[in-house]
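Grab a pencil and work through the exercises below. Try each task yourself before you read its solution.

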Amino acid sequence: MNTPTPPANFEAPWHGQAFALAVALNEAGVFGWSEWTEAFSESLDALRKDQPLNGADDYYTAWIATLERILCDRDVVAAQSLAEMKANWTDAFNTTPHGKPVHPKMVHEG
Amino acid sequence: MPHDGHDHSHSLLPSDPELRVRALESILVNKGLVDPAALNVLIDTYENKIGPKNGARVVAKSWTDPEFRARLQDDASAAIADLGYVGRQGEHMVAVENTPEQHNMVVCTLCSCYPWPVLGIPPAWYKSDAYRARAVREPRAVLSEFGVSLLPDQKIRVWDSTAEIRYLVIPMRPEGSEGMPEDELAALVTRDSMIGTGLVSV
């Protein structure tokens, strides 16, 4: 019996967004790929202290934690700005009527 | 408790990691470090254009073209690049052929190294701790859970990917596929068979 090859895709849109950010930043020379895999494997280790990883959401959660850490460590972005921007996105979702485009207030670093 | 006085008509709040991705993207785009259009192209490429179909073509060609097969064994990166499958995570490829004596299986115990240009984005199970730990420790048990039973004398070799080297398993050509053209053969080749957790059948 032959099962058709399943399409390669991301299980959730944010998985793809997180993935693309790392690839784009690497292509832009912000970090090298071996640096990335090293930092990423540290994030996975930190996450699996609580429970074994299922390889889906938790994998991309570690991916995002790695992005945040690398970018903050190198002063590419400030941790404070990320926290504020996340709060702005949260506010925007909570105040935008369902079905309307969500536009958060931008955080500008000084 | 009912959410009294709360407006229920607002948009559904995304999950915590999703909000963090949005925050990262907003800040990085605002700083001019990433281009939203380029991000969309990357997502579309890995979502729709790069995937196991590429690897399946490599396998089918290796089955039908002895010269290509020799080149693939000699320098897989170059042979695969000749078919147009180039790009990240495919720079140092090694093709490992299954034989009646040896079955090959690929894992990445470090993180999730995977040959993107030929297989696309790895499935969740490949990235799970369960697979990563057990593929090395008890490969035969893992294979049987995938429904794979090997020949009695077939040995299993597990290849651990690294940031530098990625492996592509070349499964055995199935009986009953004699005379099939390359594109029909390629349609038989599954993603799992190229990781080593599946076999190809007609």
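Here are three exercises, each with its solution in steps.

This is a predicted model, where local features need pLDDT of at least 70 and side-chain atom pairs count only at pLDDT 80 or more, while totals for chains, interfaces and linings use all residues. Residues are numbered from 1 along each chain as its sequence is written, chains are lettered from A and ligands numbered from 1 in the order in which they are written, and side-chain values use heavy atoms, with hydrogens and water left out.

**Exercise 1. Describe the contact between chain A and chain B, then find salt bridges in it.**

Step 1: Start with the residues. Chain A brings 62 residues to the contact and chain B brings 54; contact here means heavy atoms within 4.5 Å.

Step 2: Now the area. About 5,200 Å² is buried between chain A and chain B, and carbon and sulfur atoms give 64% of that. Buried area is the accessible area (1.4 Å probe) that two parts lose on being put together, summed over both.

Step 3: Count the salt bridges (a side-chain nitrogen of Lys or Arg within 4 Å of a carboxyl oxygen of Asp or Glu). The whole structure has 16 over all chains, and the count between chain A and chain B is 3.

Step 4: Look at two pairs. K86(A) joins D16(B) in a salt bridge at 2.4 Å, N to O. E68(A) pairs with R20(B) at 2.8 Å, N to O. This second pair runs from helix α3 of chain A to helix α1 (residues 16-30) of chain B; helices are DSSP runs (H or I, at least four residues), numbered from the N terminus.

**Exercise 2. Find the largest cavity and say what lines it.**

Step 1: Search the whole structure, and you get 1 cavity of 30 Å³ or more. On a 1 Å grid over the protein atoms alone, a cavity is a set of points where a 1.4 Å probe fits but cannot get out, and lining residues have an atom within 4 Å of a point.

Step 2: The largest cavity holds about 110 Å³ of space, a volume being the space filled by probe spheres set on the points, which are joined across faces, edges and corners.

Step 3: Of its 17 lining residues, W33(A), Y59(A), W63(A), S112(B) and W116(B) are the closest to the centre.

Step 4: α2 (33-47) and α3 (57-73) of chain A are the elements giving two or more residues to this lining. α2(A) gives the most, with 4 residues.

**Exercise 3. Give the domains of chain A and their spacing.**

Step 1: Chain A splits into domain 1 (13-77) and domain 2 (78-110), with bounds from an automatic or database domain assignment.

Step 2: Taken over C-alpha atoms, the centres of these two domains of chain A are 22 Å apart.

Technical notes. 1 Å grid on protein atoms, 1.4 Å probe; cavity = no way out; pocket = protein on both sides within 12 Å on 5 of 7 lines; lining within 4 Å.
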